[in-house]
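Thanks for coming. I have one structure to go through, and I will keep to one part of it.

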Amino acid sequence: MELYLARSGLQVEDLDQLNIIHITGTKGKGSTCAFTERILRNYGLKTGFFSSPHLVQVRERIRINGQPISPELFTKHFWRLYNRLEETKGDSSCVSMPGYFRFLTLMAFHVFLQEKVDLAVMEVGIGGAYDCTNIIRKPVVCGVSSLGIDHTGLLGETMEKIAWQKGGIFKCGVPAFTVLQPDGPLAVLRDRAQQISCPLYLCPPLEALEEGGPPLTLGLEGEHQQSNATLALQLARCWLQRKDHQAGIGELKVSRPSLLGQLPLAPVFQPTSHMRHGLRDTEWLGRTQLLRRGPLTWYLDGAHTTGSMQACVRWFRQALHRRERPGSSGSEVRVLLFNSTGDRDSAALLKLLQPCQFDYAVFCPNLTEMSSMDNADQQNFTVTLDQVLLRCLTHQQHWSRLREEQASPDLWSTPTPEPGGPASLLVVPHPPHSTSSLVFSCISHALQWISQGRDPVFQLPSPPRGLLAHPVASSGAIILQEAAAIHVLVTGSLHLVGGVLKLLEPSLSQ
């Protein structure tokens, strides 16, 4: 990466000017970045924000003051960097051109330096130790969000191995913060920090910062966002403190001892109005996002690990509970739209979704349309259409198997006694919720079937021939047309969520 950086006209030392906040983690690192950037922007600072993946357009990965850079700015910096690398590719000491993610990381550095941002929030791509963003040598502060199992082929199959990789972003003398983790991974992070003399702190829970003041309102829904918010508050405060913004860092409260004894506890302070408004105003598309459209409510969350899927299910069920209206008439239909990619265990993810009691489960690849025209930002050249469709059929098989297991009571299990009654009286098991499933060839076809023309924004001239050929599709279409409310959870892949947003929110493609 250093060779590519040098060929692009920069040295590692040049990156020190960016006053970087470097953030890694398995779950919530993007949301933490979004909270952190929004808080610091509230202080009147010009912010840069590099994240991945993008949902609709590649420009989303490089943001100035929270907005994706313009097509003109993207084009200018793309060709400037590309031509510079082309001119220097005769050097046999390295591969002629960097890969996709490395190129965009290099481009982000150039954009932020040229645009003279006050700070840059940099989200790690995968892992940390060997991620190309880790070329950064002198960040102002580092953060590690919740850890979990993901990218096991690259990072290892245990949380301890993954924690070792994430701790690779720690730097000597640079403060770092993390949230509550399981004991094993937390010990690994502690040891990594100690080895390189990195002061690592454990964030107190959000409630500790709320004491003595009004409750904090988060712009992102879901209980799991509290962990991301408390990490963001510590990162923002530390950055302000190290950059001599002493007047607006929040008044310290009485310090508490660390709950675990493994790490010192980060400061407990009173969040400033800038911090409060920043948390409240944070937007981060595709993460616990709701879109209400007539009778349809779209619940969009790119959860793709077991931990994040558990959080997604809690959020979805709580959101449904809040939407329930006593005495409301008319039927309600619940639909799951799912896909999963890479080496992820889709059967485990689908099992976690069972308690949501979906009426229909719909599977499709992360292709917005069958045609690749006007879809360049969402193409994946590493897999074929046959491969992604076969994977969708595998998802459907997993789902059907899970439904069958739920429908078949274990004859050898001990019966559950009626609560409060004689032990001899057995509870008659409730019949499992019946779910029908379908596979569509692209996101557009799936959305056409789910919405049945009832979404006022997503309107296409006419459905493709054969869309209702399957008996489940034809009978389900009638139910969806007559339902008083349709609740659709889109999850399993950020790329799937991005494709759905591209169709439901056309403005994101402009």
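**One sheet and a threonine**

In strand β12, Thr-297 is the bridge partner of Arg-292. Keep in mind that this is a predicted model. That pair belongs to a longer run: 5 bridges join β11, residues 289–293, to β12, residues 296–300, and the two run antiparallel. Together they form a hairpin with 2 residues between the strands. Gly-294, in the turn, has a positive phi of about 60 degrees.

Now the whole sheet. It is open, with 6 strands in the order β11-β12-β16-β13-β14-β15 and mixed pairing. The edge strands are β11 and β15, each pairing on one side only. On average, neighbouring strands are turned by 20 degrees against each other, direction ignored.

Is the edge strand β11 enclosed or open to the outside? It is largely enclosed by the rest of the structure, because 4 of its 5 residues are buried.

Further along, β13 (residues 332–338) and β14 (residues 360–363) pair in the parallel sense over 4 bridges. Phe-338 stands opposite Phe-363 in β14. Helix α13, residues 385–407, packs on the sheet and touches β13, β14 and β15. The helix direction makes about 175 degrees with that of β15.

Last, Thr-491, which is found in strand β16. Thr-491 counts as buried because its relative accessibility is 0%. A polar atom of the Thr-491 side chain lies 2.8 Å from the backbone oxygen of Asp-301. Beyond four places in sequence, the contacts of Thr-491 include Asp-301, Met-309, Cys-312, Leu-353 and Leu-496. Phe-338, mentioned earlier opposite Phe-363, is also one of the contacts of Thr-491.

Technical notes:
Residues numbered from 1 in each chain as written. Predicted model: local features only at pLDDT ≥ 70, side-chain atom pairs only at ≥ 80, totals over all residues. Heavy atoms only, no water. Buried < 20%, exposed > 50% of the residue type's maximum accessible area, 1.4 Å probe, protein only. Polar contact = N/O pair within 3.5 Å; in protein donor to acceptor, adjacent residues only side chain to side chain. Contact = heavy atoms within 4.5 Å. Pairing = 2+ DSSP bridges. Axes fitted to C-alpha atoms, helices over the stretch in contact; angles between N-to-C directions.
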